[in-house]
Amino acid sequence: MLTKAQTYDQVFSRIDALLSEPTDWVAAMATVVCELHHSFDTYHWTGFYRTVRKNHLQVGPYQGGHGCIDIPFDRGVCGAAARTKSTQLVHDVNVFPGHIACSSTTVSEIVVPVLTPDGKVLAVLDVDSNWEGSFDQIDQQYLELLCSRLGRDYQKEALY
Ligand code: SME
């Protein structure tokens, strides 16, 4: 059985191969979400929220049950990641002030901002799990690497 790090290495090789041809931002987000979602049994909801206007996120490509459509920067775990421009690693959402319960089954989550090289919040990558404490520093390290590449490669898409 593969370790979590080995699984991420494999997923990232597939993502690199799939995105090696010129690809637009929507196709890239959809591909990343699909590859991640189907590679880990802890990923119960996997998706992007994009900055569509100042201080406001809207849902993008995702897998799992339906997600909230709009999230202002001052709400929830996604909003906190966008506002602070830093990863939010939440062991138990029940003790996170202002958590948005789009799904009552979510217990832990990790939200990583996709930042452009000049510091704009292009989007956030949100992964939710129905189990407590599903994510750790290994998830954070890999997902931050992935999001920093996306922020560099698709920086022209950032409007706000
Ligand atoms: N987990 C998010 C809300 C988005 S959905 O659960 C898909 C949050 O609290 O920001």
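N55 counts as partly exposed, because its relative accessibility is 42%, which falls between the buried cut-off of under 20% and the exposed one of over 50%. This residue sits in the loop that joins β1 and β2, and its phi is positive, near 55 degrees, although N55 is not a glycine. Please keep in mind that you are looking at a predicted model. The points below move from such loop residues to the enclosed elements and then to a pair of helices.

**Backbone angles in the loops**

- K85 is another residue other than glycine with a positive phi, again near 55 degrees.
- You will find K85 in the loop between α3 and β4, following on from helix α3.
- K85 is partly exposed, because its relative accessible area is 42%.
- A glycine, G119, has a positive phi of about 90 degrees in the turn of the β5–β6 hairpin.

**Strand β6 and its partners**

- Strand β6 covers residues 121-129, and nine of its nine residues are buried, so the rest of the structure largely encloses this strand.
- On one side of the story is strand β1 (residues 45-53), which pairs with β6 in the antiparallel sense over six bridges.
- Within the β1 and β6 topic, a handy landmark is G47, which stands opposite D126 in β6.
- Strand β5 (residues 108-115) also pairs with β6 in the antiparallel sense, here over eight bridges.
- To find your place in β5 and β6, look for P113, which stands opposite V124 in β6.
- β5 and β6 form a hairpin, and five residues lie between the two strands.
- As a general reminder for viewing strands, side chains in a regular strand alternate between the two faces of the sheet.

**Helix α3**

- Helix α3 spans residues 76-84, and seven of its nine residues are buried, so this helix is largely enclosed by the rest of the structure.
- The buried residues of α3 are G76, V77, C78, G79, A80, A81 and A82.
- Those buried residues pack against β1, β2 (56-63), β3 (70-72), β4 (88-90), β5 and β6.

**A closer look at C78**

- C78 is part of helix α3 and is buried, because its relative accessible area is 5%, against a cut-off of under 20%.
- Leaving aside residues up to four places away in sequence, C78 touches Y49, L57, I71, V111, V124 and D126.
- Two of these contacts, V124 and D126, were met above: V124 stands opposite P113, and D126 stands opposite G47.
- C78 and Q58 are 20 residues apart in sequence, and their C-alpha atoms are 10 Å apart in space.

**Helices α2 and α4**

- Helix α2 (residues 25-37) packs with helix α4 (residues 137-153) at an angle of about 165 degrees, and their axes are 12 Å apart.
- The two helices are therefore roughly antiparallel to each other, since angles over 145 degrees count that way.
- The crossing of α2 past α4 is right-handed.
- W25, V32 and L36 of α2 make this contact with L143, L146 and L150 of α4.
- By class, the α2 and α4 contact has six nonpolar residues, with no polar and no charged ones.
- In general, an α-helix has 3.6 residues a turn, so residues three or four places apart point the same way.

Technical notes. Residues numbered from 1 in each chain as written. Predicted model: local features only at pLDDT ≥ 70, side-chain atom pairs only at ≥ 80, totals over all residues. Heavy atoms only, no water. Buried < 20%, exposed > 50% of the residue type's maximum accessible area, 1.4 Å probe, protein only. Helix = DSSP H or I, 4+ residues; strand = E, 2+ residues; numbered from the N terminus. Pairing = 2+ DSSP bridges. Contact = heavy atoms within 4.5 Å. Axes fitted to C-alpha atoms, helices over the stretch in contact; angles between N-to-C directions. Parallel < 35°, antiparallel > 145°, perpendicular 65-115°, else oblique. Left-handed = near helix turned anticlockwise from the far one by under 90°. Nonpolar A, V, L, I, M, F, W, Y, C, P; charged D, E, K, R; others polar.
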